[in-house]
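Q: I should like to learn how to read salt bridges in a structural model. Where should such a reading begin?

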Amino acid sequence: MREVVVSGIGLITPSGLTRDASFAAWLEGRSAVTQAPEAVRRWLPNALAAPLPPGLDARLDRADQGLDRATQLGMVAAAEALHDARFSRDTVNTDRAGVYVGVGLAGAETLEALYSTFYQRLYDPEGNGHRNPTVLHPLTVPRLMANATAAAASMRYGLKGASHTYSVACASSAVAIGEAWRAILAGHADTMLVIGTEAQLTTGAYLGWNALRVLATPDTDDIAQSCKPFDARRNGFVLGEGAAALVLETRSTAEARGAPIYGVLCGYGSSSDAAHLTAPSADGQARAMRQALHEAHITPEQVGYINAHGTATQVGDATESQSIQDVFGPHAAQIPVSASKSMHGHLIGAAGAVEFASTLLSLHTGSIPPTANLQQPDPACPLDYVPLQARHGLALEYALSNSFAFGGSNVSLLARRYRPLAAA
C-alpha cells in the first residue's frame with residue numbers, strides 16, 4: 001500500500017509571514033489578536049481581528065499583484081511549500097501532480113469592493129452621472145471564482161493533474177488535504193499541492209459573523225488575550241486571515257528527490273452531523289476521529305497529541321471535549337490537547353491546513369504549542385489543554401488534528417512520525 005508523506009510546508013499567518021516565524025510564535029504563546037480594521041469598527045466598535053503582520057508585498061510575486069487577497073496569500077504559502085519540498089518540473093512528473101484548495105468565502109475582498117464601487121457610483125454624492133455603475137474591472141469574475149487559487153497555482157507551477165476546490169466552511173482545507181491523500185492512495189496522482197486560504201477581514205463578512213453571535217469581545221485587561229479556548233471565560237472566536245500549503249506525495253517520490261519529510265498522513269475521517277446548521281454534535285465529531293484511527297489501523301491509546309478545533313465558543317469547546325472523551329475513553333486525560341486559534345484567530349477555510357501544518361511540525365520537532373490565555377479551566381472541558389506554555393522534548397508517534405464546520409461537517413486528520421525505512 002502506498003504511503004503518503006508531507007514533504008513541504010508553507011505558512012503565512014497572523015503570527016508570521018513564514019512557516020518558521022509562525023511556528024516559533026505559537027511555541028512562545030504570542031497572540032496576534034488586535035482591533036479589527038477601522039472600516040469594521042465604524043459599525044462594530046468592539047470587533048477584533050488577527051491580521052497579517054506588515055510585509056506581504058515583499059513576499060508577493062509581481063504576477064499576483066492583481067489577484068484577490070485570499071489567492072495572493074495562497075500563492076505565497078504555495079511558493080514556500082514547493083521550495084521547501086525541493087519541487088521542480090525536472091524532478092516531479094507534473095502530469096501526475098495536481099492542486100487541491102480549501103477556502104470558505106472565495107474573493108471576499110473583491111466582492112466587498114464590487115458592491116462598494118457599484119453603490120458609490122449609483123448614489124454618487126457629487127452627481128457625476130458619467131461614472132457608470134455597471135462598468136467593473138474585466139477580471140472581477142476570475143478574481144471571485146472559488147477555484148482562483150487552484151487555477152493560479154496550477155498555471156504557475158505546471159501542475160497538470162486534478163485541480164479541485166473545496167468549500168466546506170471551517171473544514172474546507174482539512175477536506176482538501178484528506179481528499180488529496182485519497183487521490184494519491186488510489187493511484188490517481190503521485191504529488192498534490194494542497195492550499196488552505198482565507199481573507200475575510202471585510203466589513204460585510206464581519207457583519208455576517210456578528211449576526212451569529214460567535215465573535216469574541218475584547219478582554220478588559222489585554223486585548224491580545226481575548227480568545228480563550230476551553231477557558232471558563234471564553235465568549236467566541238476572533239477572525240483571522242492567512243494561508244497554509246502542504247506538498248503531499250508518495251513516500252518513494254519524496255525520498256528519491258531527497259525532500260524533507262515532516263510526517264506520514266495515515267488517517268482521514270470525514271462525517272456529517274445531519275442534525276443542526278450551527279450547533280455541533282459530539283457524535284458526529286467522534287465518528288470522524290474514529291474513522292481516522294480506523295484507516296490508520298491504530299488504537300486510541302497510540303495517539304500522543306491532538307490539535308483541537310478549539311474555537312472558544314461556549315458550546316463548541318464543550319462538545320469537542322465530550323467527543324474526545326467518547327473516542328479515547330480513560331486515555332483522553334493523558335493526551336495533550338491544544339488550540340492555536342487562541343493566538344492566530346480563526347482562519348475559517350484555511351484553518352484546517354494551518355492547524356494540520358502545526359500538528360506536523362509538533363510531530364517533527366517534539367514541541368507542542370500551548371493553548372494561550374487558558375487561565376481558568378472550564379470544568380466542562382476537563383482535559384489536558386496545555387495551558388499557557390509550550391511543551392518540548394516529547395516523543396510523539398501519532399498526532400491528530402480536528403476541524404469542524406457549520407453545516408455539521410467534521411474532519412480529523414491523523415499523522416504518524418516519519419522514519420526512514422532502514423530505521424522503521
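A: Let us begin with a single residue in this predicted model. Arg391 has a relative accessibility of 28% and therefore counts as partly exposed, since that class lies between the 20% limit for buried and the 50% limit for exposed. Its salt-bridge partner is Asp384, with 2.7 Å between the closest N and O atoms. Asp384, at 21% relative accessibility, likewise counts as partly exposed.

Q: Which residues are joined into one network by salt bridges that share partners?

A: The network consists of Glu3, Arg251, Glu255 and Arg416. Within it, the side chains of Arg416 and Glu3 meet at 2.5 Å, N to O. Arg416 belongs to strand E12 (residues 409-416), whereas Glu3 is in the segment before strand E1 (4-12), so this pair ties together parts that are 413 residues apart in sequence. Arg416 counts as buried at 18% relative accessibility, and Glu3 counts as partly exposed at 26%.

Q: Are Asp378 and Arg234 buried or exposed, and which parts does the pair tie together?

A: Both Asp378 and Arg234 are buried. They form a salt bridge in which the closest N and O atoms are 2.8 Å apart. Asp378 lies in the loop between helix H14 (351-365) and strand E11 (398-405), and Arg234 in the loop between helix H9 (203-211) and strand E7 (242-250), so the contact links parts that are 144 residues apart in sequence.

Q: How many salt bridges does a search of the whole structure find?

A: The search finds 21.

Notes. Residues numbered from 1 in each chain as written. Predicted model: local features only at pLDDT ≥ 70, side-chain atom pairs only at ≥ 80, totals over all residues. Heavy atoms only, no water. Salt bridge = Lys/Arg side-chain N within 4 Å of Asp/Glu carboxyl O. Helix = DSSP H or I, 4+ residues; strand = E, 2+ residues; numbered from the N terminus. Buried < 20%, exposed > 50% of the residue type's maximum accessible area, 1.4 Å probe, protein only.
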